[in-house]
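Let's take a guided walk through a protein model together. Have a look at the picture and the sequence, and then we can go through the parts one by one.

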Amino acid sequence: MDEYGDTWAPPAQVLAELTARWGRTHKIAWTGRFWLATHHHPRAPWRSQIEPTPEQLESRLRAHYGMPPGPPVERTRRRRDAR
């Protein structure tokens, strides 16, 4: 849950969305506590990125690499009161 009371979709769904968006250039993983992105090319600058939320991970990836290749994929968020 973030500071606004929003919760993310289940990690498996977020992982699928991030992989759909960044999978051409990065391997995305969820450790149970952190989100990881590792560039496929071993000599890429900023090869690994580790962040506590998918939003922070994606923000960092965009800062280093720009927009991901391919069409945008909508992220699924749900409000806490929408259950």
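In what order do the three strands of the open sheet lie? The order is E2-E3-E4, and the pairing is antiparallel. Please keep in mind that this is a predicted model. Strand E2 (26-30) and strand E4 (48-51) are the edge strands, each pairing on one side only. On average, neighbouring strands of this sheet are turned by 15° against each other, with direction ignored. As a general point, the strands of a sheet pair through backbone hydrogen bonds, in either a parallel or an antiparallel way.

**How the strands pair**

Let's begin with E2 and strand E3 (residues 35-39). They run antiparallel and are joined by five bridges. E3 also pairs with E4 in the antiparallel sense, this time over four bridges. Here are some residues of E3 with their partners:

| Residue in E3 | Partner | Strand of the partner |
|---|---|---|
| Leu36 | Ile50 | E4 |
| Leu36 | Ala29 | E2 |
| Ala37 | Ile28 | E2 |
| His39 | His26 | E2 |

So where does the chain turn between E2 and E3? Their hairpin has four residues between the strands, and in it Gly32 takes a positive phi near 105°.

**Two faces of a strand**

Which side chains of E3 are buried, and which are not? The side chains alternate along the strand: Trp35, Ala37 and His39 point to one face and are buried. Leu36 and Thr38 point to the other face and are not buried.

Trp35 also takes part in an aromatic pair, and the count of such pairs comes to one. A pair of aromatic rings is described by the distance of the centres and the angle of the planes. Why is the pair of Trp30 and Trp35 called tilted? The ring centres are 4.6 Å apart and the planes are at 35°, and planes under 30 degrees apart would count as stacked, while those over 60 would count as edge-to-face. The two partners can be described by their exposure too: Trp35 counts as buried, at 4% relative accessibility, whereas Trp30 is partly exposed, with a relative accessible area of 32%.

**The helices**

Now let's add the helices. Helix H1 (residues 11-22) lies across E2 and E3, and runs at about 170° to E2. Helix H2 (residues 54-65) packs on the sheet as well, touching E2, E3 and E4, and its direction makes about 150° with that of E4.

One residue of H1 to look for is Thr19. Is Thr19 buried or partly exposed? Thr19 is partly exposed, because its relative accessible area is 37% and buried means under 20%. In space, Thr19 and Ala37 are 9.5 Å apart from C-alpha to C-alpha, and they are 18 residues apart in sequence.

H2 gives us a chance to check a length. At 1.5 Å a residue, its 12 residues should span 16 Å, and this agrees with its end C-alpha atoms, which are 16 Å apart. Which residues of H2 are buried? They are Pro54, Leu57, Glu58 and Leu61. Seen down the axis of H2, these buried residues fall within an arc of 95°, so they line one face of the helix. The general background is that an α-helix has 3.6 residues a turn, so residues three or four places apart point the same way. After H2 comes Gly66, which has a positive phi near 80°.

Conventions
Residues numbered from 1 in each chain as written. Predicted model: local features only at pLDDT ≥ 70, side-chain atom pairs only at ≥ 80, totals over all residues. Heavy atoms only, no water. Pairing = 2+ DSSP bridges. Axes fitted to C-alpha atoms, helices over the stretch in contact; angles between N-to-C directions. Contact = heavy atoms within 4.5 Å. Buried < 20%, exposed > 50% of the residue type's maximum accessible area, 1.4 Å probe, protein only. Phe/Tyr/Trp six-rings, centres within 6.5 Å; stacked < 30°, edge-to-face > 60°. Expected span 1.5 Å × (residues − 1). Arc of directions from axis to C-beta.
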